[in-house]
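User: Please examine the structure shown below and answer some questions about its contacts, helices and cores.

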Amino acid sequence: MNRVLKYAWYQLIVIIAATIFAAVTLLIAALYFRGKEFSAVIPFCLFAFVHFYRVIFPLKPGEIAFDERDVNIKNRATRISFTIFWYVFALSCLIPILVIGNGSIHVMYLGGVLLCAAILIRIMWSIAVIVQYGWGGKDGEK
Amino acid sequence: MFSTVGGAKMAKSEISNNIRRLRFENGQMTQQELADKAGVTRQTIIAIEGGKYSPSLTLAFKIAREFGVSVEDVFQYGGKAR
């Protein structure tokens with residue numbers, strides 16, 4: 001497994017873990033600590049672990065971090081993730097119009113949409129990279 | 001044979017290669033050794049050998065140089081001439 005694929009799996013696991021942790025926190029806050037639901041944002045601090053990748057998996061001497069094929073795969077994954085982000089973001093902006101019409105939305109709605117979009121971009125990027133490497137099967141030779 | 005992008009057809013790679021044969025003719029060179037010499041990852045060499053990835057010109061020249069042959073001896077274009 002090369003470093004780009006390893007990073008994609010690592011990022012996917014960290015983000016999904018943080019999202020599940022946040023969802024559980026939100027559930028507990030909603031059930032037992034009414035009015036403190038905002039604390040569900042705290043588990044998203046785990047996202048910082050994504051940037052500790054280089055510390056957790058240091059580059060070995062002589063090891064090549066990535067090459068031209070990896071760059072192509074990363075660029076394609078970025079295009080795919082941003083395309084999906086755009087469609088989801090546009091759709092989420094249309095939902096209030098369709099549901100509420102000419103009314104007003106909660107001030108947290110845009111923040112929530114942007115947070116979800118940020119999570120979605122990262123998840124889609126990781127999945128796009130993993131799929132392009134053939135799920136890492138046969139040492140990611142696809 | 002073809003992949004579709006936005007309704008338009010795009011020709012897939014028709015480049016074949018002799019990397020596997022050349023590796024064995026050059027002292028049973030491993031994929032890792034070739035990857036290290038060409039400055040790429042082993043997975044990229046595997047993908048090129050399997051015809052799943054067409055390398056850039058720079059990488060093609062690097063690989064050919066490692067075997068001491070010309071690019072045409074390593075890579076062949078199988079497409080029809082227009």
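Analyst: Two residues are in contact here if their C-beta atoms, placed from the backbone, lie within 7 Å. The model is a predicted one.

User: How many residues does the contact take from chain A and from chain B?

Analyst: The contact draws on both chains, A and B. Chain B gives twelve residues and chain A gives ten residues.

User: Which class, nonpolar, polar or charged, has seven residues on the side of chain A that touches chain B?

Analyst: On that side of chain A, one residue is nonpolar and two are polar. The class with seven residues is charged.

User: Are helices α3 and α4 of chain A roughly parallel or roughly antiparallel?

Analyst: The axes of α3(A), residues 68–99, and α4(A), residues 108–132, come within 8 Å and cross at roughly 150 degrees. Angles over 145 degrees count as roughly antiparallel. Therefore α3(A) is, relative to α4(A), roughly antiparallel.

User: Is the crossing of α3(A) and α4(A) left-handed or right-handed?

Analyst: The contact of these two helices comprises 18 nonpolar, four polar and two charged residues. The handedness of the crossing of α3(A) and α4(A) is right-handed.

User: Which helices of chain B each supply at least two residues of the largest nonpolar core?

Analyst: The largest nonpolar core has twelve residues, including B:L34, B:I45, B:I63 and B:V74. Another core, of eleven residues, lies apart from it and has A:W125 among its members. The helices of chain B that each supply at least two residues of the largest core are α2 (31–38), α3 (42–49) and α4 (57–67).

Note on methods. Residues numbered from 1 in each chain as written. Chains lettered and ligands numbered in written order. Predicted model: local features only at pLDDT ≥ 70, side-chain atom pairs only at ≥ 80, totals over all residues. Nonpolar A, V, L, I, M, F, W, Y, C, P; charged D, E, K, R; others polar. Axes fitted to C-alpha atoms, helices over the stretch in contact; angles between N-to-C directions. Helix = DSSP H or I, 4+ residues; strand = E, 2+ residues; numbered from the N terminus. Parallel < 35°, antiparallel > 145°, perpendicular 65-115°, else oblique. Left-handed = near helix turned anticlockwise from the far one by under 90°. Core = buried A, V, L, I, M, F, W, Y, C linked by C-beta atoms within 7 Å. Buried ≥ 20, exposed ≤ 12 C-beta atoms within 10 Å, placed from the backbone.
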